[in-house]
Each structure stands twice: as structure tokens, then as C-alpha cells.
Amino acid sequence: MVPVAGALLESGIDLGPLLPHHLSEVIVGIILMLLVFLVMWKAVVPAFEKLYDERYQRIEGGLNRAEQAEAEAKAALAEYNEQLSSAREEAAKIREEAKNAGAQLLAEAREKATKESDRILASGRAQLEAERTQLMTELRGEIGGLATTLAGKIVGESLADDERANRTVDRFLDELEAAGKTR
Amino acid sequence: MIPWALPTEGGGGYTPPSVNDFIFDVPVIPGTPVWMNKPFWQAVIGALLVVGLWWLASRRLKLKPSKGQFFAEYIYEFVRNGIARDILHQDYKKFLPYLLGLFSFLLINNWFGEFFVFMLPTFSNVGFAYGLAFLSWCVYVGAGFHKFGIGFLKKALIPEGVPWYLLWLIIPLEFLATFVTRPVTLALRLFANMFAGHLVVLVFVVGGSFLLTYAGNPVFNVSGAVSVLFSFAILFLELFIGALQAYIFTVLTAQYVSTSVAEAH
């Protein structure tokens with residue numbers, strides 16, 4: 001009823017369906033699988049891997065480009081900021097310089113004015129001194145005469161002897177001066 | 001040629017589906033050798049389909065995928081990322097062609113069990129399963145020897161941290177586990193699932209049609225109709241199991257390769 005074809009049957013071991021009915025099956029299976037493997041190895045897998053590589057490169061390239069653009073934008077922003085801050089600095093510097101220059105000008109003008117006023121004062125003073133000296137000299141000459149005249153008038157006699165009179169006047173003036181100095 | 005054909009008038013009785021339904025001793029094309037039978041041609045057509053479909057899919061790949069390419073990429077990435085890369089990590093590209101071919105070849109041949117014209121999972125004939133298991137064995141053993149040279153034997157046979165006095169026990173066990181049971185279980189798991197699944201379908205279809213056409217017994221006929229209808233549900237289940245077994249075979253192969261090439265910790 002159950003005819004099992006198998007070479008092992010005679011030896012008493014019955015593998016049933018576990019024994020290949022045709023041993024060629026094993027060889028055919030191996031050969032076909034090798035054929036399939038060869039095609040996969042040489043054609044299919046390389047083609048797909050190439051596609052994935054390309055896709056990866058594409059995505060990677062896009063990412064890189066985006067990164068690059070971002071970096072550029074950042075650099076531009078930094079540059080702009082730097083320029084701005086340097087401009088600000090410069091403006092501050094200029095303002096500071098102007099302030100300094102103004103102050104300096106003011107100081108110079110003040111100094112000049114002071115000098116000028118000093119000079120004017122000094123020259124005024126010198127002129128005054130000269131005029132006073134001149135006046136004094138003139139006065140001294142006249143005062144002598146006047147006093148002599150006055151004294152002659154008072155004493156009632158003409159003081160003919162000029163030399164004695166001059167001596168008296170000088171003595172008088174010296175006394176006056178001494179009195180003026182001690183006072 | 002149709003294995004679940006009803007018994008002829010002369011036989012009269014019911015022949016339950018059996019192991020004999022998986023034996024094909026007639027060449028498909030008369031005059032060719034007897035081993036060029038139905039499973040043989042299925043395997044050949046399956047391989048050609050795998051090669052042809054992938055070849056078509058890999059032509060003119062575009063950065064922006066069309067619908068067809070999207071589908072092909074989905075399957076490709078399922079094997080590439082879901083199996084190869086997950087298990088083998090940085091080494092995965094070397095083994096990807098084998099794993100992809102293996103998965104596709106298994107999937108198509110398993111689904112032949114539900115395809116019109118074929119209606120037989122190729123791997124319900126154990127020889128093909130042995131062949132693929134042998135290839136997977138070669139791949140993971142070869143990968144180990146390629147990477148570690150003869151040191152692979154030591155690495156495979158002596159797990160770390162085993163005391164020396166247990167080595168006499170461990171080494172034969174590890175040898176059996178790594179070099180013998182792995183390929184055998186790979187082959188048998190695949191074969192048995194396909195074989196049993198197909199047998200279940202046969203039982204429902206053959207038994208159901210027998211009951212359906214049984215003269216003079218309406219109860220038989222109704223239950224026969226139900227069982228034939230139910231066989232469609234089983235076919236859907238078989239579609240799922242076919243995909244699952246293709247996946248398991250591929251994952252386990254990748255797993256074995258991964259243990260072979262893994263650096264010692």
C-alpha cells in the first residue's frame with residue numbers, strides 16, 4: 001500500500017520523504033541558487049547600492065549646501081555687525097576727538113586771551129609808570145620853582161642864591177620821599 | 001499528472017493524500033530524463049523568475065522611484081535593512097547578494113504552492129531544501145574560515161569561559177550544533193513546513209471533492225463543499241507560511257554568518 005522508493009529501504013532504514021526521491025534535486029537546487037546568487041551579486045545589488053549611494057550623495061549634498069549657505073549668512077551677519085560696531089567706535093572716537101579738539105581750542109583761546117590781557121595790562125602799567133615818572137620829573141622841576149617862589153613870597157626875600165635854594169629844595173624833597181617811604 | 005485527481009470509477013474507493021503525492025516520476029517533457037520532473041521545472045522557472053524580475057527591477061533605477069521601483073525597493077530594503085544590516089551590521093554588504101537571492105528564490109518557490117498551474121511548493125521535495133541548506137552551510141562556515149583562518153575551529157568549538165575539564169563534553173556538542181544540526185534543521189524546517197502545508201491543502205481539496213461528488217449522500221456533499229471552501233483559507237495561510245519560512249531561512253543564515261564572523265568578546 002505504501003511503496004516508498006528509496007535506496008535505503010533494503011538496508012532497513014526508511015527515511016520516507018526525508019530522502020530525496022531524485023538526488024538530482026540537491027544538485028539542481030545548488031546550481032539554481034548559485035545562478036540566482038551570481039545575478040544578485042553582479043547586477044542587482046550593485047545597481048541598487050549605486051542608487052542608494054546617489055540618493056545619499058544627493059541628500060548629503062543638499063544638506064551641505066544648506067549648511068554652507070547658513071555659514072555664509074552667518075559670516076555676512078558677523079561682518080555686518082563688525083562693520084557696524086567699528087563704525088560706532090569710529091563715530092565715538094571722532095566725537096571724542098572733536099570734544100578734545102574743542103576743549104583744546106577753548107584752552108588755547110583762553111590762554112591767548114589771558115596772555116593778551118596780561119600783555120595789555122603790562123603795557124598799560126609800563127606806560128603808566130613812564131608817564132608817572134615823566135610827571136614826577138616834570139613836577140620835581142616845577143615844584144622846586146613853585147616852592148621857591150612860594151617860599152620867597154612867604155619869606156619876603158628873594159632867594160638869589162640858587163644853589164643854596166636848590167639844596168634846600170632837594171633836602172625838602174628827600175625828606176618828603178623818605179616820609180613817603182616810611183608811611 | 002494531477003495528484004489530487006479523483007479516483008476513477010474502476011477504483012471506486014477513496015485514496016487519501018499521502019507521501020506518494022510528492023513523488024514525481026514522470027518527466028514533464030516526454031523524452032527527457034525522469035529527473036526533469038515537475039519540481040525540477042518549478043525550481044528552474046522559479047530561479048528564472050527571480051533573476052528576471054530582479055533584473056528588470058534593477059534596470060534604469062531612478063532617484064525618484066516610480067511605483068514599480070518603489071515596490072522593488074521595498075522588498076530590497078526589507079532584506080537589506082531588515083535582515084542583513086540588522087543582523088550582520090557593518091559586514092552586511094558582503095552577504096547581501098546571497099541573502100537577497102536566497103529570500104527571493106525561497107519566496108517564489110514557496111508561493112508556487114498557491115499558484116495556478118504549479119500548485120506545489122517546490123521545497124516540499126526535500127532535495128532542494130538540502131541543496132540550499134548546504135549552500136548556507138558553505139557560506140557561514142566559509143565566512144568563518146575566511147575571517148579567522150583555522151582559528152575559526154577553536155572559536156566555533158570552544159565557547160569562552162568553559163572550564164578545561166568540561167572541554168571533552170563541550171567540543172563534540174559544539175561541533176554537532178554548529179556543523180551538523182544547523183544545516184539539517186534549516187533544511188528540515190523548510191521542507192516540513194512546505195510538505196505538511198501542501199498535504200493539508202491536499203486533504204481538504206481531495207477529501208472535499210470526494211465528499212462533494214459522493215452520490216446519494218447530501219450530508220457528505222455539504223461537508224465536502226465546506227471543506228473545499230475551507231481549503232481556500234488554508235491556501236491563504238500557506239501564502240503566509242511560505243513567506244514566513246523564506247524569511248526564517250534567510251534570517252537564520254544571516255544569524256549563522258553573524259556568529260561565525262563575530263569578534264570574540
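**Exercise 1. A salt bridge in chain A**

Which residue's side chain meets that of Arg132(A) in a salt bridge, and what is the N to O distance?

*Solution.* Step one is to identify the partner, which is Glu129(A), with an N to O distance of 3.5 Å; a salt bridge here is a side-chain nitrogen of Lys or Arg within 4 Å of a carboxyl oxygen of Asp or Glu. This is a predicted model, in which local features need pLDDT of at least 70 and side-chain atom pairs count only at pLDDT 80 or more, while totals for chains, interfaces and linings use all residues. Residues are numbered from 1 along each chain as its sequence is written, chains are lettered from A and ligands numbered from 1 in the order in which they are written, and side-chain values use heavy atoms, with hydrogens and water left out.

Step two is to place the pair: Arg132(A) and Glu129(A) are separated by about one helical turn, because they are three residues apart in helix H1 of chain A (helices, H or I of at least four residues, and strands, E of at least two, are DSSP runs numbered from the N terminus). Step three is to assess exposure, where Arg132(A) is partly exposed at 47% relative accessibility and Glu129(A) is likewise partly exposed at 42% (buried is under 20% relative accessible area, exposed over 50%, partly exposed in between, with a 1.4 Å probe and protein chains only).

**Exercise 2. Another pair in the same helix**

How far apart are the closest N and O atoms of the salt bridge between Glu70(A) and Lys74(A), and how many residues separate the two in helix H1 of chain A?

*Solution.* Begin with the distance, which is 3.8 Å between the closest N and O atoms of Glu70(A) and Lys74(A). Then consider the spacing, since both residues lie in helix H1 of chain A and are four residues apart, about one turn of the helix. Finally, look at the surroundings of each residue: Glu70(A) is partly exposed, with a relative accessible area of 47%, whereas Lys74(A) counts as exposed at 55% relative accessibility.

**Exercise 3. Charged residues between the chains**

Which residues are linked with Glu49(A) in a network of salt bridges?

*Solution.* Start with the individual bridges: the side chain of Glu49(A) meets that of Arg80(B) at 2.8 Å, N to O, and also that of Lys93(B) at 3.5 Å, N to O. The second of these pairs joins two chains, because Glu49(A) lies in helix H1 (residues 24–155) of chain A and Lys93(B) in helix H3 (residues 92–111) of chain B. Taken together, Glu49(A), Arg80(B) and Lys93(B) form the network. Within it, Glu49(A) is buried, with a relative accessible area of 10%, while Lys93(B) is partly exposed at 43%. As for the totals, three salt bridges are counted between chain A and chain B, and the structure holds seven over all chains.

**Exercise 4. The extent of the interface**

How many residues of each chain are in contact across the boundary between chain A and chain B, and how much area do the two chains bury between them?

*Solution.* For the residue count, 33 residues of chain A are in contact with 49 residues of chain B, contact meaning heavy atoms within 4.5 Å. For the area, the two chains bury about 3,600 Å² between them, and 77% of this is on carbon and sulfur atoms; buried area is the accessible area (1.4 Å probe) that two parts lose on being put together, summed over both. To see which residues contribute, note that Glu25(A), Met33(A) and Phe48(A) supply 17% of the area that chain A buries against chain B, more than any other three residues.

**Exercise 5. Two small residues in chain B**

Is Ser231(B) buried or exposed, and is Gly197(B) buried or exposed?

*Solution.* Consider Ser231(B), found in helix H7 (residues 218–261) of chain B, which is buried with a relative accessible area of 3%. The side chain of Ser231(B) reaches the backbone oxygen of Val228(B) at 2.4 Å, and, not counting residues up to four places away in sequence, Ser231(B) touches Phe204(B) and Val205(B). Next, Gly197(B), placed in helix H6 of chain B, is also buried, with a relative accessible area of 5%. Leaving aside its neighbours within four places in sequence, Gly197(B) is in contact with Ala192(B) and Glu238(B).

**Exercise 6. Chain B as a whole**

How many helices and strands are there in chain B, and what percentage of its residues count as buried?

*Solution.* Chain B has seven helices and zero strands, and 44% of its 265 residues count as buried. For the overall dimensions, the C-alpha trace of chain B spans about 75 × 60 × 40 Å along its principal axes. Among the contacts in chain B with a separation of 6 or more, 68% are accounted for by residues 24 or more positions apart.

How values were computed. A polar contact is a pair of N or O atoms within 3.5 Å; within protein, one must be able to donate a hydrogen and the other to accept it, and residues adjacent in sequence count only if both atoms are side-chain atoms.
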